[in-house]
Amino acid sequence: MSESEIIDLKSRLRELEDQGTSGISELVDLLIKGGLRAGASDIHLEPGPKATGVRFRLDGVLQQVSETALALHPNIIARLKVLSALLTYRTDVPQEGRIDATKYGGSVDLRVSTFPTIHGERAVVRIFDPRMEQFSLVELGFSQEVEKTLGGLLKRPQGVILLTGPAGSGKTTTIYAALRFIIQSSSAPRNIVSVEDPVECVVEGVSQTQINPAAGLTFARALRSLMRQDPEVIVIGEIRDIETAQIAMDAGLTGHLVISTIHAGTACGVFTRLLDMGIEPYLLTSAVSAVLAERLVRLLCPECKRLAESEEEFEGLEQALGAKAFGARGCPACLGTGYKGRTPIVELLQMNEPVRQAILSKSDTEELALAAKNEGMKTLLADGIQKIRSGDTSPQELRRVLVF
């Protein structure tokens, strides 16, 4: 979607507002189609004191697109509820549903979430495009060193590989790429199973299961049953509790390749999190092969990126960057944001003897990080600085996703 299309969208929204409630269905369709054309991952409808804000999440950042009259907000939410088979008369509780995407092209998954606020219900339409999850390992944007090392780990018959990072940092995309790599690089078919929440992309050759807590199908319960299904590769959507963590570690020790995610700030922080959960250090050092921490940074728009002109633009990285860094300007091609697309920055921590000894002695995260860096681990910050040096992103964008 170009800048002129955004202007046209705002103009058409105003026209439909003038029609009152008779134009609600078309207005909602226009918002969804506009989000799809813009490549948004989410469409936010947020009621305020005077108007409803319409924002798209583009390349991981919310961008204000337009506003609609507050008087029409209940009708807009009601229309979204009808499309997603939610209860229109319940405005006091959160609700979740899905929209049949056939009328919008049929290739996307549209998930609607409503939530009551003092100004009315806010709604978010999450857009999942299966085509965006079809990356191969070589297309993810990792450095050649990380790609080669990760590929070698995925060829192993057993061990636990953990991915960490905040929501929207690319973990799920990496897992699906890893699954395709395992399938393509295996000399013989392997029994690959997954337990996910939710299943976001169907991968041929993988038996995928979606948890259902309401029915009692949790990660732990599903994994206990799957262990009787003779699995060779097990994907766990997320390790959230000690029971799931214990099953994952035991599986990694007993001849299974396990891939999972867990929330932590850094690769080293994963071990602190698992130790806090109650997993024994000897189990971690024996089962875990590696931890991959990820963040996604926006790529500078190739049409308008420019050399940084002031010290402030270096964000305190002058010594690391030397005299050269690029900054964002903004143009019609990038909707004035200065960025277009995203790329990962990562740190890959492999289990080696110094790291193993640090974990066994229950060293804190800083001491573990020092041991890992002494063994050659490239940190998230170091990878981000490399991306700045190559002109892919800016110091401001690195500062947005990392604390340094």
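Here's a quick tour of one helix, two cavities, one pocket and a few ring contacts in this structure. Keep in mind that this is a predicted model. We'll start with helix α2, since α2 also turns up in the lining of the largest cavity.

**Helix α2**

- Helix α2 covers residues 24-38, which makes 15 residues.
- From its first C-alpha to its last, α2 reaches 21 Å, close to the 21 Å expected at 1.5 Å a residue.
- Plenty of α2 is tucked away: Ile-24, Leu-27, Val-28, Asp-29, Leu-30, Leu-31, Ile-32, Gly-34, Gly-35 and Ala-38 are buried.
- As background, an α-helix has 3.6 residues a turn, so residues three or four places apart point the same way.
- Right after α2 comes Gly-39, and its phi is positive, near 80°.

**The two cavities**

- How many cavities of 30 Å³ or more are there? The count comes to two.
- The largest cavity holds about 50 Å³ of space.
- Its lining is made up of Val-28, Leu-31, Ile-32, Ile-43, Leu-45, Leu-80 and Val-125.
- Two elements, α2 and β1 (42-47), each give two or more residues to that lining, and α2 has the largest share with three.
- By class, the largest cavity's lining has seven nonpolar residues, with no polar and no charged ones.
- The second largest cavity has about 30 Å³ of space.
- Around the second largest cavity you'll find Leu-150, Leu-154, Ile-161, Leu-163, Thr-174, Ala-178, Ile-259 and Leu-292.
- Here the elements giving two or more residues are α4 (144-154), β7 (159-164) and α5 (171-185).
- The second largest cavity's lining counts seven nonpolar residues, one polar and no charged.

**The second largest pocket**

- About 360 Å³ of space lies in the second largest pocket.
- It takes 17 residues to line this pocket, and Thr-266, Glu-347, Thr-379, Leu-380 and Val-403 lie nearest its centre.
- Helices α8 (267-277), α12 (365-374) and α13 (380-389) are the elements that give two or more residues to this lining.
- Which element gives the most to the pocket's lining? That's α12, with four residues.
- The pocket's lining is a mix by class: eight nonpolar, five polar and four charged residues.

**Rings and charges**

- If you go hunting for aromatic pairs, the count is zero.
- Rings do meet charges, though: the charged end of Arg-111 sits over the ring of Phe-128, 3.9 Å from the ring's centre.
- Over at Phe-404, the charged end of Arg-399 sits over the ring, 3.9 Å from its centre.

How values were computed
Residues numbered from 1 in each chain as written. Predicted model: local features only at pLDDT ≥ 70, side-chain atom pairs only at ≥ 80, totals over all residues. Heavy atoms only, no water. 1 Å grid on protein atoms, 1.4 Å probe; cavity = no way out; pocket = protein on both sides within 12 Å on 5 of 7 lines; lining within 4 Å. Points joined across faces, edges and corners; volume = space filled by probe spheres on them. Nonpolar A, V, L, I, M, F, W, Y, C, P; charged D, E, K, R; others polar. Expected span 1.5 Å × (residues − 1). Buried < 20%, exposed > 50% of the residue type's maximum accessible area, 1.4 Å probe, protein only. Phe/Tyr/Trp six-rings, centres within 6.5 Å; stacked < 30°, edge-to-face > 60°. Lys NZ or Arg CZ within 6 Å of the ring centre and 35° of its normal.
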